[in-house]
Structures are given as structure tokens and as C-alpha cells.
Amino acid sequence: MADDRTGQDMARAGSRAVERSSDVEQRQISNEARLIRGVFRAAGLAAGTVVRGSQWAVNTSYEMTKEITQAALDGESSADIAERTGNALRSIARSALGVTEGSVREIVSYVPTSNGPAAQQAIGLGAPLHSASIEDLRRRGDALLARSADVYFSEDVHPAYDRILDELAPDEARILRFMALNGPQPSVDVRTNRPLGIGSELVTGDLTSVPEQAGVRYPDRSRTYLINLNRLGLTLTSDDPVVLSRYMVLEVQPEVEAALKKAGRAPKIVRKSLRLTEFGEDFCRTCFTIGS
């Protein structure tokens, strides 16, 4: 009888030991999963959304990134991209991060599959994709306010500069450097001429030779370059003209002459200027080595 009780006690003790071991393993898995999820979220990877090029994950291989990015460019469905993303996350977690299989399953559990409701909602016709909830935005806004009140927090450069560099073409960098070195540049609008200016129509606006003077590699993209620089808040077109003599070279350029012919008899030229904004000037000083 005593032997039976001893055996039962040992069995219960062994069972409790197994349970404790299982609890410890589960906590380890959860901790690893939370850690790795945080890494992926910090890298900007949102499941079910368009893949954002080569910066979408941490420690991925070039081939893996290329494959998923190409899938997005080829127009694959959100469900297919989500499935590729899930497979990529599994591979990263196993090989690059060295976590357990249990953690791998939990880490990728937030990636929607083609059969899940999240994927069906994401690929629904006309269904908008939201990158953040109001609560997420509110937390980020409150965090900014908290840092602004922290006397020990310092920020050497504007945080947007890093993102802007990713959105600039090499030719656009040349344009910015040229303007940082040479200051405001002439720009013109070509309009039809009407008595007292009433009924005058714009034929072509914001014509400038800045891209060509900067030596861009693709002159046919000059308009696109200037639009992007304006979108980023780095340049602006001002109604204030530069020295009158500087317009002589611009107004004989083929693009301006073509606009003048299109405007008809006695076309009107409105002289303006292309300038760096104060934000653009500081960006150039910070991000480029400007020669003296």
C-alpha cells in the first residue's frame, strides 16, 4: 500500500514537472515571438500590404527580397503575396534568427493566408488598405510630444531627411547640388496674349533649363524630376524673377521656342524663378558635400 502511494506521489510530481517545463517552453516561445514580431513591424512589414522593396525586413537574403518584390511588380494578388511573405518569414526566423519551431509558428500566425478573412478583406474589390489604426497614430503622436518635452532627447537632423534620400533619383540629387551652389534660377510661363490679360491662357508653365545645366543623365525626365522635388518640399517656383539678363539664354531654348509658337501671335512670357526652399537648403547642407 505504501509503495502504491509512493508511486502515485512520484507520478504527480513528474506530471507537475512536465507541466512546469511546458509552461516555461511556452513562455520562451511567446517571448521570442513578441521580440521577432517587433523586429518585423519596426522594419515596416505589414502583412497583406504591398511589399516595399528591399527594406521590408531585417536580415533577409537578396534573392528572397527580390522574389517577393517581383511578385508585387508582376501584379500577383494580395493573397499570393501574403503567402510568399509568410514563407519568407518562416525562412528568416529559422535560418537568420535561430529561433525554435514553436516560435516560428507563432511569429507567422499574424500573416493572413489566402483562406483567412483578413486576406479576403484585403483583396476585396474596392476595399481600402489601412496601415495604422487611430489608436496607433495616437500613440505615435503622443510619443512625439513626450520626446519634445524630454530635455535629454536630442535630434541632430530632421527625421524626414532619411526618407527623402530614398525617394530621390540620382539626377534629382544633381539638380539639388546645382541649385545649392548657384542659387535661384530663371523660370518662365508661356501664355497667350490678350488685351489687358483678360482671357489669357497658359500654354506651358515652369519652363527652366536647370536640369540640363545640372547635367542630368536623363533629360527627358526633367519635368518629372522637378515635380518630385516640389512634392518633397525641397524646391518651389516663385513669382520673384532673377536678373533680367539671365532669361536671354532660357528663352531661346527649343522647349520655350516651341511653346511660343504654340501660343500664337505675340505670345506673353511671364518671368519667374526656381528656388530651394529653406527646408531644401538645410537638406542640401546636411546630406550633400557641397564644394566651396
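Two strands pair if DSSP finds at least two bridges between them. Helices (H or I, at least four residues) and strands (E, at least two) are DSSP runs, numbered from the N terminus.

The exercises below concern a predicted model, in which local features need pLDDT of at least 70 and side-chain atom pairs count only at pLDDT 80 or more, while totals for chains, interfaces and linings use all residues. Residues are numbered from 1 along each chain as its sequence is written, and side-chain values use heavy atoms, with hydrogens and water left out.

**Exercise 1. The sheet**

Determine the strand order of the open sheet and its edge strands, and trace the pairing of β1.

Solution.

Step 1. The open sheet has 4 strands in the order β2-β1-β4-β3, and their pairing is antiparallel. At its edges stand β2 (202–207) and β3 (235–238), each of which pairs on one side only. On average, neighbouring strands are turned by 25° against each other, direction ignored; for such values, axes are lines fitted to C-alpha atoms, for helices over the stretch in contact, and angles run from 0 to 180 degrees between N-to-C directions.

Step 2. Strand β1 (residues 185–191) is joined to antiparallel β4 (residues 268–276) by 7 bridges. Within this pairing, D189 stands opposite V270, and P186 has S273 as its bridge partner.

Step 3. Towards β2, which also runs antiparallel to β1, there are 3 bridges. One position to inspect is V188, whose bridge partner in β2 is L207.

Step 4. Burial is then assessed: buried means under 20% relative accessible area, exposed over 50%, and partly exposed in between (1.4 Å probe, protein chains only). Strand β1 is largely enclosed by the rest of the structure, because 6 of its 7 residues are buried.

**Exercise 2. Helix α8 and the nonpolar cores**

Establish where α8 lies relative to the sheet and which element gives the largest share of the largest nonpolar core.

Solution.

Step 1. Helix α8 lies across β1, β3 and β4, and runs at about 95° to β4.

Step 2. A nonpolar core is a set of buried Ala, Val, Leu, Ile, Met, Phe, Trp, Tyr and Cys residues joined through side-chain atoms within 4.5 Å. The largest one has 21 residues, of which I164, L168, I175, L176, M179, L234 and F283 touch the most other members. Two or more residues each come from α7 (160–166), α8, α9 (210–214), α10 (222–231), β4 and α13 (278–287). The largest share, 4 residues, is that of α8.

Step 3. Leaving aside neighbours within four places in sequence, L168 is in contact (heavy atoms within 4.5 Å) with L176, N228, L229, L232, L234 and F283. Apart from this core lies another, of 10 residues, including V188, L207, Y247 and A263.

**Exercise 3. Charged residues**

Compare three salt bridges by their location and burial, then examine the buried charge of E172.

Solution.

Step 1. A salt bridge is a side-chain nitrogen of Lys or Arg within 4 Å of a carboxyl oxygen of Asp or Glu. The structure holds 7 of them.

Step 2. R139 and D136 form one, with their closest N and O atoms 2.2 Å apart. Both residues lie in helix α6 (residues 134–148), 3 residues apart, about one turn of the helix. R139 is exposed at a relative accessible area of 52%, whereas D136 is partly exposed at 29%.

Step 3. K272 and D206 form another, at 2.8 Å between the closest N and O atoms. This pair links distant parts of the chain, with K272 in β4 and D206 in β2, 66 residues apart. K272 is buried, at 9%, while D206 is partly exposed, at 34%.

Step 4. E251 and R271 also meet in a salt bridge (2.8 Å, N to O). E251 belongs to the loop between α11 (247–250) and α12 (254–262), and R271 to β4, 20 residues apart. E251 counts as buried at 15%, and R271 as partly exposed at 34%. Elsewhere, salt bridges that share partners join R163, E167 and R231 into one network.

Step 5. E172 lies in helix α8 (residues 170–182). This residue is buried yet has no salt bridge, and R231, its nearest side chain of opposite charge, is 7.1 Å away; Lys and Arg count as positive and Asp and Glu as negative, with His and the chain ends not counted. Not counting residues up to four places away in sequence, E172 touches E167, T224, Y225, N228 and L229.
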